[in-house]
Amino acid sequence: MTALRADGFPEKAVRERARAGAASAFPALEDYGRAVFGGRGAAGGDELDAIRLVPSVFMPQRLERLIDLAREPLHHDVDLGTTVGGFASPLPLYLSAFGSTQVAGSGIGQAAGGQAGELGIPMVIGENVTPVNGSGRLTGRAETSLLGRMRAYADAVPDGVGGVVVQQSTEDADAEVWNLVYSDPSARPLLDSGRLALELKVGQGAKPGLGGLTVVDDTAAAGLAEQFTLERIFDGTTGRQLRCASPGTFTEEVLRQQIRLMRNNYPRARVWVKLPPGRDVGDAARVAWAAGADAVTVDGAEAGTGWAPGAFLDHVGLPLAECLRRVGPPPGCLLVSGRMWEGTRAVKCLALGAHAVGLGRAALLAVDEDPRAGLRRLVRCMALEMRLLVSALGKYRVQALSAEDLWAPSGLPQPAAEPLGVH
């Protein structure tokens with residue numbers, strides 16, 4: 001495994017959770033009986049961080065649960081199970097696509113897929129995998145290939161839960177990624193059990209408005225030259241080039257027809273659509289749902305794992321809270337990602353309308369810390385936090401969360417008063 005860095009991300013806390021698991025939800029054990037604890041002030045950070053969860057004094061849903069159980073309910077009684085883009089999942093989480101091809105291809109991607117399978121949460125495989133690492137059908141690089149990642153997941157996932165989502169963007173259409181997966185015998189068990197989805201990548205959080213950008217060596221560049229634009233922006237002695245992918249061109253009608261085409265050509269697969277944090281993200285989401293998408297994934301500007309210009313990381317795209325505001329109450333399954341690593345931020349997003357949240361950088365760091373169990377421990381810690389928080393709100397299903405459970409100093413994100421029409 002590589003020694004990953006995640007500048008500006010709570011890397012130390014994530015690695016601690018990958019080592020210690022659920023115990024990391026509490027202060028250090030050595031402080032028990034030796035320190036006193038109380039409010040530590042505002043969390044800081046972005047708008048989502050500033051929102052607070054606010055339990056009620058009167059809790060009718062707790063009374064309902066008490067009657068159902070014939071005892072006082074505890075946080076263990078919270079049901080985190082949900083449906084994520086048509087897949088049953090024991091937790092409102094999914095493994096996001098990894099934009100960093102080299103990092104995921106180093107073995108972390110396969111290890112993360114295996115652990116996600118054991119957890120039973122859905123996994124998205126990014127669009128860079130096939131053009132850069134191959135499909136795995138004819139090559140020996142099974143551990144880094146698309147089908148190799150799928151096999152690692154399928155071998156570990158329990159029956160009846162989870163699912164694999166395969167992303168495709170403009171260049172991937174030329175590589176026929178969806179056709180390859182849909183027809184490959186190794187994908188048949190997932191397809192037969194209704195646990196395969198195809199995701200149309202319209203954009204991404206790390207670099208909205210741009211296509212994929214990766215760095216490849218000269219040898220790899222020679223094989224990619226007909227499919228991608230390559231730029232020699234680095235010192236010629238490095239032997240490396242920038243590989244640039246087209247972001248694709250979308251209008252309402254193009255998006256609508258793409259989704260209909262997916263449903264027609266791949267009738268046994270679920271249809272997901274991934275949107276960037278654009279100013280019309282709410283309109284695009286409504287177009288996708290109306291056209292029949294099983295899930296719409298929205299990356300906030302805080303999201304992303306892949307190589308991107310610094311100007312985009314710091315200045316381009318709507319924050320996730322604003323994306324949630326512009327989408328408003330979703331008429332379909334809404335999935336969101338952006339700086340997810342602990343239960344509090346996840347519960348806030350669920351209360352604002354999301355059905356599940358995606359793990360990207362946190363998952364990579366957790367697996368880098370422990371390739372055998374790091375992601376499982378991180379997720380167990382998040383699950384404990386979510387159960388504690390949802391229980392404190394007097395609710396016992398994640399679907400019961402709502403904006404009434406939140407407070408923000410400047411008011412909660414509210415849907416736009418006059419959303420643009422969708423025809």
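The legends below describe three close-up views of a predicted model.

**View 1. Surroundings of arginine 345 in helix 15.** Helix 15 spans residues 343–351 and includes arginine 345. The relative accessibility of arginine 345 is 2%, so this residue counts as buried, the cut-off being under 20%. Leaving aside residues up to four places away in sequence, arginine 345 touches three acidic residues by name, Asp46, Asp49 and Glu302 being among its contacts. Its other contacts under that rule are Leu48, Gly338, Arg339 and Met340.

**View 2. An open antiparallel sheet of three strands.** The strands follow the order 8-10-9. Strand 8 (213–217) and strand 9 (229–231) are at the edges; each has a single partner strand, so one side of each lacks a neighbour in the sheet. On average, neighbouring strands of this sheet are turned by 35 degrees against each other, direction ignored. Three antiparallel bridges join strand 9 to strand 10, which covers residues 240–244. Leucine 230 has arginine 243 of strand 10 as its bridge partner. In general, strands of a sheet pair through backbone hydrogen bonds.

**View 3. The second largest pocket and its lining.** This pocket holds about 540 Å³ of space. Its lining is made up of 21 residues, and those nearest the centre are Val202, Phe250, Pro276, Asp280 and Ala284. Helix 11 (252–265) and helix 12 (281–291) are the elements that give two or more residues to the lining. Helix 12 gives the most, with four residues. By type, the lining has eleven nonpolar, six polar and four charged residues.

Technical notes. Residues numbered from 1 in each chain as written. Predicted model: local features only at pLDDT ≥ 70, side-chain atom pairs only at ≥ 80, totals over all residues. Heavy atoms only, no water. Buried < 20%, exposed > 50% of the residue type's maximum accessible area, 1.4 Å probe, protein only. Contact = heavy atoms within 4.5 Å. Pairing = 2+ DSSP bridges. Axes fitted to C-alpha atoms, helices over the stretch in contact; angles between N-to-C directions. 1 Å grid on protein atoms, 1.4 Å probe; cavity = no way out; pocket = protein on both sides within 12 Å on 5 of 7 lines; lining within 4 Å. Points joined across faces, edges and corners; volume = space filled by probe spheres on them. Nonpolar A, V, L, I, M, F, W, Y, C, P; charged D, E, K, R; others polar.
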